[in-house]
Amino acid sequence: FLIPKKFALIADANAVRRQARLQEERKAKAAVDRKASEEIAERLKDTSFSIEVKVDHDGHMYGSVSSHDIVNIIKMQSGIELDKRAVPLKHAIKQTGVHELVLRLKEGVEAPIHLKVLVEGAVAHDEATA
């Protein structure tokens with residue numbers, strides 16, 4: 001059943017050599033990915049990013065900040081492109097303030113960042129009253 005459907009191969013010497021070569025290629029790619037992830041983690045280490053959101057008169061946010069939004073913020077503010085899966089959020093961020101996030105990069109490398117969710121126009125309002 002498996003061999004005709006191309007889900008399996010007969011384990012002859014050629015197939016074993018091919019499998020060993022694929023494993024070596026995967027190890028080499030993993031080493032390159034790990035090094036790249038460590039460089040990104042070093043660049044992002046304890047970096048602070050900020051985003052402005054709209055709030056109602058009670059201070060509740062309209063909408064939320066998702067993983068996709070965070071990836072776009074990192075790209076715009078630092079030039080680093082990440083995959084959406086690198087930002088593990090159980091739920092979208094729905095409160096203003098500073099949020100501590102740990103990005104999960106390739107090969108298990110983690111990078112802590114700070115995300116400041118600010119009220120839109122609050123900085124300009126504070127500077128105008130000062």
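In this predicted model, glutamate 38 is partly exposed, with a relative accessible area of 40%. Its side chain meets that of arginine 34 in a salt bridge, at 3.4 Å from N to O. Both residues belong to helix α1 and sit 4 residues apart, about one turn of the helix. Arginine 34 counts as partly exposed too, at 39% relative accessibility.

**Charged pairs**

Side chains of opposite charge can pair when their charged atoms come close. The structure holds 5 salt bridges, and three of them are set out here.

| Salt bridge | Closest N to O |
|---|---|
| Lysine 29 and aspartate 33 | 3.4 Å |
| Arginine 34 and glutamate 38 | 3.4 Å |
| Glutamate 110 and arginine 104 | 3.3 Å |

Lysine 29 and aspartate 33 are another pair within helix α1, 4 residues apart, or about one turn of the helix. Where does aspartate 33 stand, buried or exposed? Its relative accessibility is 15%, and because buried means under 20%, aspartate 33 counts as buried.

The pair of glutamate 110 and arginine 104 has its closest N and O atoms 3.3 Å apart. Glutamate 110 is partly exposed, with a relative accessible area of 46%. Arginine 104 is likewise partly exposed, at 47%.

**The largest pocket**

Two of these salt-bridge residues turn up again in the pocket: Asp33 and Arg104 are among the residues that line the largest pocket. About 260 Å³ of space lies in this pocket. Which element gives the most to its lining? That is α1, with 4 residues. Other members of the lining include Ala36, Ser37 and Ile40, along with Glu81, Leu82 and Asp83. Arg85, Ala86, Leu105 and Lys106 also take part.

If you are thinking about the chemical character of the lining, it divides into 5 nonpolar, 1 polar and 6 charged residues.

**Backbone angles to look at**

Two residues other than glycine deserve a glance for their phi values. Lysine 6 has a positive phi, near 65 degrees. Lysine 6 is placed in the segment before α1, and it is exposed, with a relative accessible area of 72%.

Glutamate 107 also has a positive phi, near 60 degrees. This residue is found in the loop between β2 (97-104) and β3 (110-119). How far is glutamate 107 open to the surroundings, and what class does that give? At 40% relative accessibility, glutamate 107 counts as partly exposed.

**A nonpolar patch on the surface**

The segment before α1 (13-44) also holds phenylalanine 1. Phe1 joins Leu2 and Phe7 in a nonpolar patch on the surface. Together, the three residues have about 410 Å² of accessible area. Why does phenylalanine 1 count as exposed? Its relative accessible area is 71%, and exposed means over 50%, so phenylalanine 1 falls in that class.

**Separations along the chain and in space**

Three pairs show how distance along the chain compares with distance in space. Alanine 92 and valine 65 are 27 residues apart along the chain, and their C-alpha atoms are separated by 5.6 Å. Alanine 92 lies in the loop between α2 (67-78) and β2, where it counts as partly exposed at 29% relative accessibility.

Serine 50 and glycine 97 are 47 residues apart in sequence, with 9.7 Å between their C-alpha atoms. Serine 50 is part of strand β1, which covers residues 47-53. Its relative accessible area of 31% makes serine 50 partly exposed.

The last pair is aspartate 12 and glycine 121. What separates them in sequence and in space? They are 109 residues apart in sequence and 68 Å apart from C-alpha to C-alpha. Aspartate 12 lies in the segment before α1 and, at 40% relative accessibility, counts as partly exposed.

Conventions. Residues numbered from 1 in each chain as written. Predicted model: local features only at pLDDT ≥ 70, side-chain atom pairs only at ≥ 80, totals over all residues. Heavy atoms only, no water. Patch = residues over 30% accessible without salt bridge, like charges linked within 9 Å, V, L, I, M, F, W, Y side chains within 5 Å. Areas by Shrake-Rupley, 256 points an atom, 1.4 Å probe, with all protein chains shown as cover. Salt bridge = Lys/Arg side-chain N within 4 Å of Asp/Glu carboxyl O. Helix = DSSP H or I, 4+ residues; strand = E, 2+ residues; numbered from the N terminus. Buried < 20%, exposed > 50% of the residue type's maximum accessible area, 1.4 Å probe, protein only. 1 Å grid on protein atoms, 1.4 Å probe; cavity = no way out; pocket = protein on both sides within 12 Å on 5 of 7 lines; lining within 4 Å. Points joined across faces, edges and corners; volume = space filled by probe spheres on them. Nonpolar A, V, L, I, M, F, W, Y, C, P; charged D, E, K, R; others polar.
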